Amino acid sequence: METTIDKLLDGRFALEQPKKGYRMAVDTLLLAASVPATEGQRALDLGCGVGGVMLALRTRVSGLRIDGVEIQPALAQLCASNIARNNFQGQLCVKEGDLKHPDLIEEGVFDHVVMNPPYHDDKTHLRSPDPSKALACSEGDEADLGAWIACAARALKDGGMMSLIHRYDRLDDIMVNAGAFFSTLVVKPIISKEGQTPKRVIVRGVKGKGSPSRIDAPPFILYSEQGRYSQEGESILRGAKVLEFF
């Protein structure tokens, strides 16, 4: 596998990733920025890939322990290498395996679960010819969106928080699947420019019983009218700041 080594968050961490196939995108940094973690907490990244979310989140929040789970051996190996590259051994770790495996993930111990599930349904979307990218981006019959959300709920403490990023047109699916596990769901649309239709959405869910309440947050606007990152986008993607929901 050919790889590149890229500097992210204005050079705060380095990431080795495949030169072709699935590569870290803006979504990765936005998701990491959306997690309101604090020092001393534990977080879990489902489908962590080469570790982009884990590294960005730990770069912003010192003293945070993060576990990652990745099904693709080559990506899990790169993730482990990236953890060492950025001197986060002992704070970050990655396990290779399928999130559906009952013994892979501790249950009820995490303060945060973060995930960027596969965006595409094989029944309606043509798979990428790149096998690694296809696996990262396309849902399988046994690991659909509902399975990812259920896994997050099992791993979380009561009152813990799930944070996920997905396509905006899958929001109804997210809400239906999350409603069984989360008492509060906060929806943050992501739009490219003011007035445009959202293509992505970040959803936070607080684990709890009862009928879920939905809270709609103002949209995050990525670009200014001049085509540069917005002030908030610049502070997140270069300044490693938190993504404020309200």
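Which residue in β5 is the bridge partner of Ile66? I looked this up before anything else, keeping in mind that the model is a predicted one, and found that Leu92 takes that place.

**Entry on β4 and β5.** I then followed the two strands along their lengths, and I noted that β4, residues 65-70, pairs with β5, residues 92-96, in the parallel sense over five bridges. Between them the chain passes through helix α3, residues 73-85, and I recorded this β-α-β crossover as right-handed.

**Entry on the whole chain.** For an overview I looked up the secondary structure, which comes to seven helices and 13 strands. I asked myself how the radius of gyration of the chain stands against that of a compact globule, and the answer is that the two agree, because a compact globule of 246 residues would have a value near 18 Å and the chain has 17 Å. The C-alpha trace spans about 50 × 45 × 40 Å along its principal axes. I also noted that buried residues make up 50% of the 246 residues, and that the chain exposes about 11,600 Å², of which carbon and sulfur atoms supply 49%. Among the contacts with a separation of 6 or more, 69% are between residues 24 or more positions apart.

**Entry on two covered helices.** How many residues of helix α1 are buried? I found that seven of the eight residues in α1, which runs over residues 26-33, are buried, and I put the helix down as mostly covered. The buried residues are Asp27, Thr28, Leu29, Leu30, Leu31, Ala32 and Ala33. I made a similar check on helix α5, residues 145-155, which is also mostly covered, with nine of its 11 residues buried. Among the buried residues of α5 I wrote down Leu145, Trp148, Ile149, Cys151 and Ala152.

**Entry on Met162.** I chose Met162, which lies in strand β9, residues 156-167, and I asked whether it is buried or exposed. Met162 has a relative accessible area of 0%, and therefore I entered it as buried. Setting aside its neighbours within four places in sequence, I listed its contacts as Val113, Met115, Ile149, Ala152, Leu156, Ala178, Phe182, Val203, Arg204 and Gly205. Two of these names, Ile149 and Ala152, I had already written down as buried residues of α5. I also looked up Phe110, which is 52 residues from Met162 along the chain, and the C-alpha atoms of Phe110 and Met162 are separated by 9.8 Å.

**Entry on aromatic pairs.** The structure holds two aromatic pairs, and I took them in turn. Phe181 and Phe182 form an edge-to-face pair, with 6.4 Å centre to centre and 70° between the planes. Phe182, which I had met as a contact of Met162, counts as buried because its relative accessibility is 0%, whereas Phe181 is partly exposed with a relative accessible area of 29%. Why is the pair of Tyr223 and Tyr229 called stacked? The ring centres of Tyr223 and Tyr229 are 5.5 Å apart and the planes stand at 10°, and since planes under 30 degrees apart count as stacked, I entered the pair under that word. I finished with the accessibility of these two residues, and both entries read partly exposed, with Tyr223 at 27% and Tyr229 at 26%.

Conventions: Residues numbered from 1 in each chain as written. Predicted model: local features only at pLDDT ≥ 70, side-chain atom pairs only at ≥ 80, totals over all residues. Heavy atoms only, no water. Pairing = 2+ DSSP bridges. Helix = DSSP H or I, 4+ residues; strand = E, 2+ residues; numbered from the N terminus. Right-handed = clockwise from strand over helix to strand, strands pointing away. Buried < 20%, exposed > 50% of the residue type's maximum accessible area, 1.4 Å probe, protein only. Rg over C-alpha atoms; globule rule 2.2 N^0.38 Å. Contact = heavy atoms within 4.5 Å. Areas by Shrake-Rupley, 256 points an atom, 1.4 Å probe, with all protein chains shown as cover. Phe/Tyr/Trp six-rings, centres within 6.5 Å; stacked < 30°, edge-to-face > 60°.
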